[in-house]
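Dear colleague,

I am handing over the structure below, together with some notes on what turned up when I went through it. Please read the notes with the coordinates open beside them.

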Amino acid sequence: MDIFSQKKLLFRSVIALAILNVMAIGLFAWKEFRHQNHEPELFPKIEQYHDVSGILKSELNLTDKQTEQIEQIRLNYFEKEKLLAKTIRDEKDSMNISMFNQSTNDELVKHLAHEIAMNEEQMELLRWAQAKDLKAICTAEQLEKFENLVKEIRDYFRPDNQPKQKENFNNNN
């Protein structure tokens, strides 16, 4: 092979590789910018499926007074839950920092793990208190229906069980 053929082949190879590199960089940049301003690719929240009080009212035949009381209980619960969740998140962050610190303090990590567990327990006790308050509002007949409704409500609010999302989920698979 003469020198001119080798130079042509080398020149074409360099051009082809440069084009491939530019295309790869463009693809990565396009993906990055496309997702930059969007929510995470989880199922979106649909407000009409967010109202548990409405579901309870229709399924349990609650009075307006009962519905108001349930909404108040749930509001109080969510406020307390939000504060507790923030505390747990902060403690977990502190624990992660301590665990991966160059000079890990084992006692501090154990203490933080214990605090996280205690707050998780408080979260569960808070849920239990909410359930007791909700049960106190309901009649015996409503409680019987409520018992069967609990799992249905949980499954109803799963992201892959909401109609619009279920269609999109099934179409993508």
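Helix 3 has 36 residues, which at 1.5 Å a residue should span 52 Å, and its end C-alpha atoms are 51 Å apart, so the expected span and the modelled one agree. Please keep in mind throughout that this is a predicted model. The buried residues of helix 3 are Gln66, Thr67, Ile70, Ile73, Arg74, Tyr77, Leu84, Ile88, Glu91, Met95 and Ser98, a list that includes charged and polar side chains as they stand in the model.

As for the setting of that helix, the protein chain has six helices and zero strands, and its elements, read from the N terminus on, run α-α-α-α-α-α. Of the 173 residues of the chain, 20% count as buried.

Next come the charged contacts. Side chains of opposite charge can pair when their charged atoms come close. The structure holds five salt bridges, and three of them are described here, beginning with the one between the side chains of Glu81 and Arg127, where the N to O distance is 3.7 Å. This pair links distant parts of the chain, since Glu81 lies in helix 3 (residues 64-99) and Arg127 in helix 4 (residues 106-137), 46 residues apart. Arg127 has a relative accessibility of 34% and therefore counts as partly exposed.

A second salt bridge joins the side chains of Lys86 and Asp90, with 2.8 Å from N to O. Here both partners lie in helix 3, four residues apart, which is about one turn of the helix. Lys86 is partly exposed, its relative accessible area being 44%, and Asp90, at 35% relative accessibility, is likewise counted as partly exposed.

Lys92 and Glu120 form a further salt bridge, in which the closest N and O atoms are 4.0 Å apart. This pair, too, links distant parts of the chain, with Lys92 in helix 3 and Glu120 in helix 4, 28 residues apart. Lys92 counts as partly exposed at 40% relative accessibility, and Glu120 is partly exposed as well, with a relative accessible area of 32%. In addition, salt bridges that share partners join Glu81, Glu124 and Arg127 into one network.

Turning to the aromatic side chains, the count comes to one aromatic pair. The rings of Tyr77 and Phe78 have their centres 5.3 Å apart and their planes at 55°, so the pair is classed as tilted, given that edge-to-face would need planes over 60 degrees apart. Tyr77 is buried, with a relative accessible area of 7%, whereas Phe78, at 38% relative accessibility, counts as partly exposed. Another ring, that of Trp128, has the charged end of Lys132 sitting over it, 4.4 Å from the ring centre.

Finally, there is a nonpolar patch on the surface, of about 640 Å², made by Phe11, Ile15, Leu17, Ile19, Leu20 and Met23. Among these residues, Phe11 lies in helix 1 (residues 3-36), and its relative accessibility of 58% is above the 50% cut-off, which is why Phe11 counts as exposed.

With best regards

Conventions
Residues are numbered from 1 along each chain as its sequence is written. This is a predicted model: local features need pLDDT of at least 70, side-chain atom pairs count only at pLDDT 80 or more; totals for chains, interfaces and linings use all residues. Side-chain values use heavy atoms; hydrogens and water are left out. Helices (H or I, at least four residues) and strands (E, at least two) are DSSP runs, numbered from the N terminus. Buried means under 20% relative accessible area, exposed over 50%, partly exposed in between (1.4 Å probe, protein chains only). Patches are made of residues with over 30% relative accessible area and no salt bridge: like charges are joined within 9 Å, nonpolar side chains (Val, Leu, Ile, Met, Phe, Trp, Tyr) within 5 Å. Accessible areas come from the Shrake-Rupley method with a 1.4 Å probe; for residues, only the protein chains shown count as cover. Rings of Phe, Tyr and Trp (its six-membered ring) pair if their centres lie within 6.5 Å; planes under 30 degrees apart count as stacked, over 60 as edge-to-face and the rest as tilted. A charge sits over a ring if NZ of Lys or CZ of Arg is within 6 Å of the ring centre and within 35 degrees of the ring normal. The expected span of a helix is 1.5 Å times one less than its number of residues.
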